[in-house]
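Colleague: Mind walking me through this one? I'd like to see the reasoning as well as the answers.

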Amino acid sequence: MSITIKAPNADDIFARYLRIAPKKDVEKGYAVKGAVFDLDKISAAESVQNVTKGAVFYYQYKIDIKPVAKSTGDEQQVQVPKADRIDFFDFGSASVDKEKWKKKEDKLPGFKTIRDVSCTKCGGNGYLKCDCGGTGEMKCGKCEGKGTVSDARCKGTGKLEVELTVYDGALNKNRVRKPYQCPECYGAGNLTCPECNGAGKIMCKKCGGKKGLQCKDCGGVGKVYGYAMIPVPYKAVSGLDVGIFPSLKLGKFEKEMGQELEQILEKSDAISIKDVKQLNQKVIEPNLGYIDGPIKNAMNECAKEFSNLEKNKDTKPQYPIWVFPLLILDCKTRKGSSYQIYAIGTEKSFIVRGNL
Ligand SMILES: [Zn+2]
Ligand SMILES: [Zn+2]
Ligand SMILES: [Zn+2]
Ligand SMILES: [Zn+2]
């Protein structure tokens, strides 16, 4: 059996607010010409137009953020042309608020730590020696290095033959062969090698004539960048903070009221939840006496944040999680200007703000 807590009533909230509101603003809104100004003559009935009920979920959490220690052995290396793929960081002398830090990493590549490191594999040359001995050339395979190839037309002889037909007096037919200079090679029997143009050597296919092979470690640059992983300079924070989840918008009062709620925790007999799993409709609705969509949203948001803080090693959320009634009074002054009054708590103890 749960006992439904009692929200403060609108008359009490209104009366309390009038006493903390800036006096000159109250007078401005309610003074009647010719009459003596009296706070007690201002009634909730004539001022409060509408009351909206909601709830506030609230807990405290311990926070303890220590700066991340510098450590050795975090040196990284990257090829110079590929360094543009890395995000480097330079925090200068600024410190970082860890709760607002959006990256997961505590340590990141430090821009100021970048230094040139000579490549050990290639000795800083950028290349490794090629099988061609660094000449960039190799023997021509077509001519075996001779620079010439045998002329196919004369089969390397430098001569061709013409076969003449010769008849004798009895008209016997004879064939007579006569050699002549090969018109292709002009008698040389060979031709300049078309592959190497007579040089006997061609460009080394392995190194492409560059005499060396690109070093894979440094990508041909001869050096790489060395850099250190530097810790994000978190601001040290230690203390108590609060999570506040109102189902209705509190605007600029949210933080202020969140801080002030601590003062009424014990006196107010608000709902106290000792297990985040209890933040569900079954438990909250009978205790609060009502529930709606925005309250469920605030409840779920509170449960989610509480669990996140439990998982975070810097924060320790504290039980109980408190659930307070929240009331917003839409009011009008005698002069007709609108303002709102916000109240969080129970009839036993509540806090009030307003924007008259
Ligand atoms: Zn190298
Ligand atoms: Zn050749
Ligand atoms: Zn020939
Ligand atoms: Zn080569």
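Modeller: Sure, and one term up front: two residues are in contact if their C-beta atoms, placed from the backbone, lie within 7 Å. Keep in mind that this is a predicted model.

Colleague: Let's use that right away. Which residues does Thr315 touch, not counting residues up to four places away in sequence?

Modeller: Thr315 sits in strand S16. That strand, residues 315-317, runs antiparallel to S1, and three bridges join them. Ile63 is the residue opposite Thr315. Leaving out residues up to four places away in sequence, Thr315 touches Leu309 and also Tyr61, Lys62 and Ile63.

Colleague: And is Thr315 buried, exposed or partly exposed?

Modeller: Buried would take 20 or more C-beta neighbours within 10 Å, and exposed would take 12 or fewer. Thr315 has 19 inside 10 Å, so it counts as partly exposed.

Colleague: How many Å separate the C-alpha atoms of Thr315 and Pro194?

Modeller: Along the chain, Thr315 and Pro194 are 121 residues apart. For scale, the C-alpha atoms of the protein chain fill a box of roughly 165 × 55 × 55 Å along the principal axes. Between the C-alpha atoms of Thr315 and Pro194, the separation is 80 Å.

Colleague: What is the radius of gyration of the protein chain?

Modeller: The chain has six helices and 19 strands. For 356 residues the globule rule gives 21 Å, and the chain's value is well over that, so the chain is more spread out than a compact globule. Buried residues make up 22% of the 356. The radius of gyration is 47 Å.

Colleague: How far apart are the centres of domain 1 and domain 2?

Modeller: The domain assignment gives domain 1 as 10-65 + 236-354. Domain 2 is 75-124 + 217-231. Taken over C-alpha atoms, their centres are separated by 49 Å.

Colleague: On to helix H1. Why do its buried residues lie on the same side?

Modeller: H1 covers residues 10-20, and its buried residues are Ile13, Phe14, Tyr17 and Leu18. They share a side of H1 because the arc they cover around the axis is only 130 degrees. In general, an α-helix has 3.6 residues a turn, so residues three or four places apart point the same way. For H1, then, the value behind the shared side is the arc of 130 degrees.

Colleague: Which residues are exposed on the other side of H1?

Modeller: The buried residues of H1 pack against several elements, including helix H2, strand S1 and strand S17. Over on the other side, the exposed residues are Asp11, Arg19 and Ile20.

Colleague: Which strand gives the most to the largest nonpolar core?

Modeller: That core has 43 residues, and those with the most contacts inside it include Val56, Phe57, Val323 and Phe324. Phe324 is in contact with Ala55, Val56 and Ile344, among others beyond four places in sequence. With nine residues, the strand that gives the most to this core is S17.

Colleague: Last one: which residue is the bridge partner of Phe57 in S14?

Modeller: S1 pairs with S17 in the antiparallel sense over ten bridges, and in that pairing Lys53 stands opposite Leu327. S1 also runs antiparallel to S14, residues 237-246, with ten bridges joining them. In S14, the partner of Phe57 is Phe245.

Technical notes. Residues are numbered from 1 along each chain as its sequence is written. Chains are lettered from A and ligands numbered from 1 in the order in which they are written. This is a predicted model: local features need pLDDT of at least 70, side-chain atom pairs count only at pLDDT 80 or more; totals for chains, interfaces and linings use all residues. Helices (H or I, at least four residues) and strands (E, at least two) are DSSP runs, numbered from the N terminus. The arc is that of the directions from the helix axis to the C-beta atoms. A nonpolar core is a set of buried Ala, Val, Leu, Ile, Met, Phe, Trp, Tyr and Cys residues joined through C-beta atoms within 7 Å. Two strands pair if DSSP finds at least two bridges between them. Domain bounds come from an automatic or database domain assignment. The radius of gyration is taken over C-alpha atoms; the globule rule is 2.2 Å times the number of residues to the power 0.38.
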